[in-house]
Amino acid sequence: MKKDIKIKRHWNQVSIKDYFKIIDILINEDLDEVEKIDMIMLTLTSITPNELSQLSISDYTKLKKSIEFVFDEVKPESAKEYISINNKHFECDIKLDKVVAGQYLMLQNILKIEDYKERIKKCIGVFVRPQGIKWGDFDYDENTEFLFNNMSIKDAVSLSAFFLHTQKRLLKHFQAYM
C-alpha cells in the first residue's frame with residue numbers, strides 16, 4: 001500500500017463531523033455495500049476517488065480491513081476534564097459546580113432542536129470551552145464549529161453519555177438556586 005495514505009483506524013481518530021458522514025453513508029439505502037465501503041474509505045483516508053480506483057486488489061483489501069472498526073459501536077469512556085485537540089487545550093465542565101446559568105439555559109434551548117446532529121454539535125459546544133477562559137468570554141459558534149470538525153467522536157460520545165447521565169442532577173442543582 002502507498003506509504004503516504006493517511007488512514008483513521010480507530011474511533012478516537014474520527015471527528016464528530018466525519019462520524020456523521022459515516023452514519024449517513026451506512027444508512028443510505030440507495031448505496032450498495034461496495035459503494036458504502038468506498039465512501040467510508042474516502043472519508044477516513046487522504047486518498048481521492050481516482051487513487052482509490054487505482055489501488056491493487058491487495059492494497060484495497062488491506063485498506064478495507066483497516067476501517068472495519070466503523071461497524072463497531074462507539075463506546076463511551078469516562079469523561080475527561082481536560083482535552084487537547086490540534087494543539088489547542090480545552091476544559092470540559094463535568095463538575096456541576098463549574099456549570100454556570102448561561103450554560104444551563106443554553107442547554108435547555110438546544111435540547112429543543114429536532115435535528116440530532118445539530119443538537120449534539122451544540123451540546124458539546126456548551127460544555128467544552130477553551131482552557132482558562134470563562135463561559136461567555138469566547139466565541140461560542142467558532143468554538144462549537146472547531147469542536148465539531150476536530151473533536152474525536154470517542155470524546156464526544158463519552159461527554160454526551162456523561163451529560164445525559166447527569167442532566168437530572170444538573171436540573172436539581174439549578175432549581176435549588178432559582
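**Figure 1. The lining of the second largest pocket holds 12 nonpolar residues, 1 polar residue and 2 charged ones.** The view is taken from a predicted model of the chain. In total, 15 residues line this pocket. Those nearest the centre of the pocket are Y19, I23, V74, I153 and V157. Its volume is about 190 Å³. Three helices each give at least two residues to the lining: α1 (16-27), α6 (116-127) and α8 (153-177). Rolling a probe the size of a water molecule over the atoms is a way to show where empty space is left.

**Figure 2. The whole chain, with 8 helices and 3 strands.** From start to end of the sequence, the elements come in the order α-α-α-α-β-β-α-α-β-α-α. The chain has 178 residues, and 40% of them are buried. Its accessible surface is about 10,800 Å². Carbon and sulfur atoms account for 52% of that surface. Take the contacts between residues at least 6 apart in sequence: in 64% of these, the two residues are at least 24 apart.

**Figure 3. Strands β1, β2 and β3, paired through bridges.** Strand β1 covers residues 82-85 and strand β2 covers residues 88-92. These two run antiparallel and are joined by 4 bridges. Two of the pairs across β1 and β2 can be picked out by name. Y82 has E91 of β2 as its bridge partner, and S84 stands opposite H89, also in β2. On its way to strand β3 (residues 128-130), the pairing continues with 3 bridges between β2 and β3. Strands β2 and β3 are antiparallel too. Here C92 has V128 of β3 as its bridge partner.

**Figure 4. The turn of the hairpin formed by β1 and β2.** How many residues lie between the two strands of this hairpin? There are 2 residues between them. N86 is found in the loop between β1 and β2, and N87 lies in that loop as well. The phi of N86 is near 50 degrees, a positive value in a residue other than glycine. N87 is not a glycine either, yet its phi is positive, at about 65 degrees. Are the residues of the turn buried or exposed? N86 counts as exposed because its relative accessibility is 51%, and exposed means over 50%. N87 counts as exposed because its relative accessibility is 76%.

**Figure 5. The two faces of strand β1 and the surroundings of Y82.** I83 and I85 make up the covered face of β1. Y82 and S84 make up the uncovered face. Y82 belongs to strand β1. With a relative accessibility of 43%, Y82 counts as partly exposed, because this class lies between under 20% for buried and over 50% for exposed. Which residues touch Y82, leaving aside its neighbours within four places in sequence? Y82 is in contact with F90, E91, K98 and Q131. Among these, E91 is also the bridge partner of Y82 in β2. R129 can be located in this view by its distance from Y82: 9.7 Å from C-alpha to C-alpha, with their positions 47 residues apart in sequence counted as the separation.

**Figure 6. S158 in helix α8, next to residues from another part of the sequence.** The place of S158 is in helix α8. The relative accessibility of S158 is 5%, so S158 counts as buried; the limit for this class is under 20%. Where does S158 find its contacts, apart from its neighbours within four places in sequence? S158 is in contact with P76, E77, S78 and A79. One of these, E77, is 81 residues away from S158 in sequence. In space, the C-alpha atoms of S158 and E77 are 5.2 Å apart. Helix α8 also appears in Figure 1, where it supplies at least two residues of the pocket lining.

Key. Residues numbered from 1 in each chain as written. Predicted model: local features only at pLDDT ≥ 70, side-chain atom pairs only at ≥ 80, totals over all residues. Heavy atoms only, no water. Buried < 20%, exposed > 50% of the residue type's maximum accessible area, 1.4 Å probe, protein only. Contact = heavy atoms within 4.5 Å. Areas by Shrake-Rupley, 256 points an atom, 1.4 Å probe, with all protein chains shown as cover. 1 Å grid on protein atoms, 1.4 Å probe; cavity = no way out; pocket = protein on both sides within 12 Å on 5 of 7 lines; lining within 4 Å. Points joined across faces, edges and corners; volume = space filled by probe spheres on them. Nonpolar A, V, L, I, M, F, W, Y, C, P; charged D, E, K, R; others polar. Pairing = 2+ DSSP bridges.
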